[in-house]
Amino acid sequence: MALNMTQRKAVTRELAKKYAAARKKEKGKILDDLIDLTGYNRSYAATVLRQAAITKKKTVRCGKTTVTLVEDGRMKRKKRARKRPRKYDKDVLKPLKKIWKIFDCICGKRLAPYLSEAIPVLERFKEIELDDEVREKLLEVSAATIDRLLAPVKKQYQIKARSNTKPGSLLKHKVPIRTFSEWDEKKPGFVEIDLVSHEGGNASGDFMHTLDVTDVYTQWTETRAVKNKAQVWVFEALMVIQKRVPFKILGIDSDSGSEFINAHLIKYCEENEITFTRGRPYRKNDSCFVEQKNYSVVRRTVGYARHDTDEELVLLNELYDYLRLYTNFFLPVMKLTEKTRIGSKVSKKYDTARTPYRRVLDFLGKKEQAALAKQYESLNPAELKRQISRLQNKLWKIVHQKRGRSQPENTPALEYIST
């Protein structure tokens with residue numbers, strides 16, 4: 001008959017005394033007896049016998065936990081007191097939180113290698129004040145430590161998109177298909193373009209779209225709002241963007257929407273010797289670079305609300321004027337350098353995080369480098385962030401007024417804390 005728990009404990013206590021005093025062969029026989037009586041696994045049986053044999057308190061350290069074994073074999077756990085002070089204390093966490101918020105709450109792997117450039121810029125504009133000790137700690141903090149320190153803050157700042165692409169089938173045969181795997185250019189100028197809709201869940205009538213243009217090699221991103229997806233507005237926005245990018249556009253890759261696949265844009269590309277290609281329908285990975293920026297740049301900044309008034313169009317483009325400077329000059333990005341598949345596991349390696357501005361500099365002449373560097377020296381990332389937040393809140397206020405209710409006092413997704 002199987003023993004109940006109380007009986008098992010009683011048998012274990014009795015055998016434990018013999019087990020503690022026995023030699024090796026005798027211990028084996030005692031273990032056999034205990035297994036026959038209780039049905040315990042042999043390894044577990046040896047463990048309970050050793051614990052039950054303890055007559056005094058014994059403390060064992062297991063990582064950060066202290067385990068105290070008492071006379072009846074029970075275990076009491078308590079966290080071990082930290083013996084050394086924290087290296088990254090509140091004096092480090094406070095400026096780190098501010099820097100993290102100024103640079104759009106990017107992850108530790110992007111922020112850590114960029115701190116050596118970001119801290120001097122912020123100190124030059126007197127956005128932060130650091131003593132030598134805190135500065136030194138911030139410059140040597142690792143990406144994993146940044147993520148660990150900021151984990152509680154990230155929880156405070158924790159919406160599915162719709163596609164409005166209509167195929168432009170008549171001219172598809174004139175625009176060759178290009179897939180993600182064929183992008184192998186090693187210089188700036190080959191861009192992916194896409195439209196991000198701002199219909200807010202209601203696709204009726206006219207509403208704004210954002211033209212997103214992303215350079216494949218440097219990740220330089222430009223955005224421009226248009227009143228609807230008519231070819232004339234999209235082409236006009238593309239011409240504005242072309243004048244703003246610090247390099248010549250050599251190739252354009254779009255989806256199969258009629259706003260891009262039209263005679264006007266095809267003719268322009270042919271006259272200016274620009275390679276024009278398109279992705280396959282329903283294959284977003286063919287335009288993975290711009291699709292990623294649709295979220296990280298456009299959606300994270302503007303959200304998913306409906307924008308359909310002239311006032312909002314002006315505000316969006318004013319916001320994008322600041323956003324292009326903030327994103328391209330001050331937000332570092334990592335690029336995939338290697339992807340290896342071993343069975344079902346995919347291993348990816350990335351390069352060191354650098355801003356699009358730094359990546360573009362490598363391909364410019366001295367005159368263009370000097371002009372771009374001069375513009376960079378005049379920019380304060382914290383002030384750009386404040387201006388972006390100000391315009392975000394204006395847009396948010398208009399959205400709530402159109403919905404017939406007042407704007408919430410605090411909007412976490414748009415809030416910028418200056419302290």
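Let's start with a pair of charged side chains: Arg-224 and Asp-321 meet in a salt bridge, with 3.9 Å from N to O. This pair links distant parts of the chain, since Arg-224 sits in strand 6 (residues 221-226) and Asp-321 in helix 12, 97 residues apart. Asp-321 counts as partly exposed, at 30% relative accessibility. Keep in mind as you look around that this is a predicted model.

Now for the whole chain. Its secondary structure comes to 15 helices and 10 strands. Of the 419 residues in the protein chain, 45% are buried. The accessible surface adds up to about 24400 Å², and carbon and sulfur atoms account for 51% of that.

Back to the charges. Side chains of opposite charge can pair when their charged atoms come close. The structure holds 23 salt bridges, and a couple more of them deserve a look. One is between Lys-402 and Glu-312, whose side chains meet at 2.9 Å, N to O. Lys-402 belongs to helix 15 and Glu-312 to helix 12, so this pair ties together parts that are 90 residues apart in sequence. What about the surroundings of each partner? Lys-402 is partly exposed, with 39% relative accessibility, whereas Glu-312 is buried, with a relative accessible area of 0%. The pair also has company: Arg-306, Asp-308, Glu-312 and Lys-402 are linked in a network of salt bridges.

Another salt bridge joins the side chains of Arg-42 and Asp-32, at 2.7 Å from N to O. Here Arg-42 is in helix 3 (residues 42-52) and Asp-32 in helix 2 (residues 24-38), so the pair ties together parts that are 10 residues apart in sequence. Arg-42 is partly exposed at 39% relative accessibility, and Asp-32 is partly exposed too, with a relative accessible area of 35%.

Next, find helix 4, which covers residues 90-102. Does its length look regular or odd? You can check with a little arithmetic: at 1.5 Å a residue, its 13 residues should span 18 Å, and the end C-alpha atoms are 18 Å apart, which agrees. The buried residues of this helix are Val-92, Pro-95, Leu-96, Lys-98, Ile-99, Trp-100, Lys-101 and Ile-102. And what do those buried residues pack against? Their partners are helix 5 (108-111), helix 6 (115-124), helix 7 (132-140), helix 8 (143-154), helix 12 (310-330) and helix 15 (381-402). Helix 12 and helix 15 are familiar by now, as they carry Glu-312 and Lys-402.

Just after helix 4 you reach Asp-104, which takes a positive phi of about 65°. This residue is in the loop between helix 4 and helix 5. Is Asp-104 buried or exposed? With a relative accessible area of 16%, Asp-104 is buried, because the cut-off for buried is under 20%. Leaving aside residues up to four places away in sequence, Asp-104 touches Ser-296, Arg-300, Tyr-326, Leu-331 and Lys-385.

Lys-126 also has a positive phi, about 60°, although it is not a glycine. You'll find Lys-126 in the loop between helix 6 and helix 7. Lys-126 is exposed, with a relative accessible area of 71%, whereas Asp-104 is buried.

Glu-273 is another non-glycine residue with a positive phi, this time about 55°. At 74% relative accessibility, Glu-273 counts as exposed. Its loop runs between helix 10 and strand 8, and that takes us to the last stop.

Strand 7, helix 10 (residues 263-271) and strand 8 make a right-handed β-α-β unit. Which way do the two strands run relative to each other, parallel or antiparallel? Strand 7 (residues 251-254) and strand 8 (residues 275-278) run parallel, joined by 4 bridges. If you'd like one pairing to locate on screen, take Ser-254, whose bridge partner in strand 8 is Arg-278. The loop with Glu-273 is part of the path here, lying between helix 10 and strand 8.

Definitions and conventions. Residues are numbered from 1 along each chain as its sequence is written. This is a predicted model: local features need pLDDT of at least 70, side-chain atom pairs count only at pLDDT 80 or more; totals for chains, interfaces and linings use all residues. Side-chain values use heavy atoms; hydrogens and water are left out. The expected span of a helix is 1.5 Å times one less than its number of residues. Buried means under 20% relative accessible area, exposed over 50%, partly exposed in between (1.4 Å probe, protein chains only). Contact means heavy atoms within 4.5 Å. Accessible areas come from the Shrake-Rupley method with a 1.4 Å probe; for residues, only the protein chains shown count as cover. Two strands pair if DSSP finds at least two bridges between them. A crossover is right-handed if, with the strands pointing away from the viewer, the path from the first strand over the helix to the second runs clockwise. A salt bridge is a side-chain nitrogen of Lys or Arg within 4 Å of a carboxyl oxygen of Asp or Glu.
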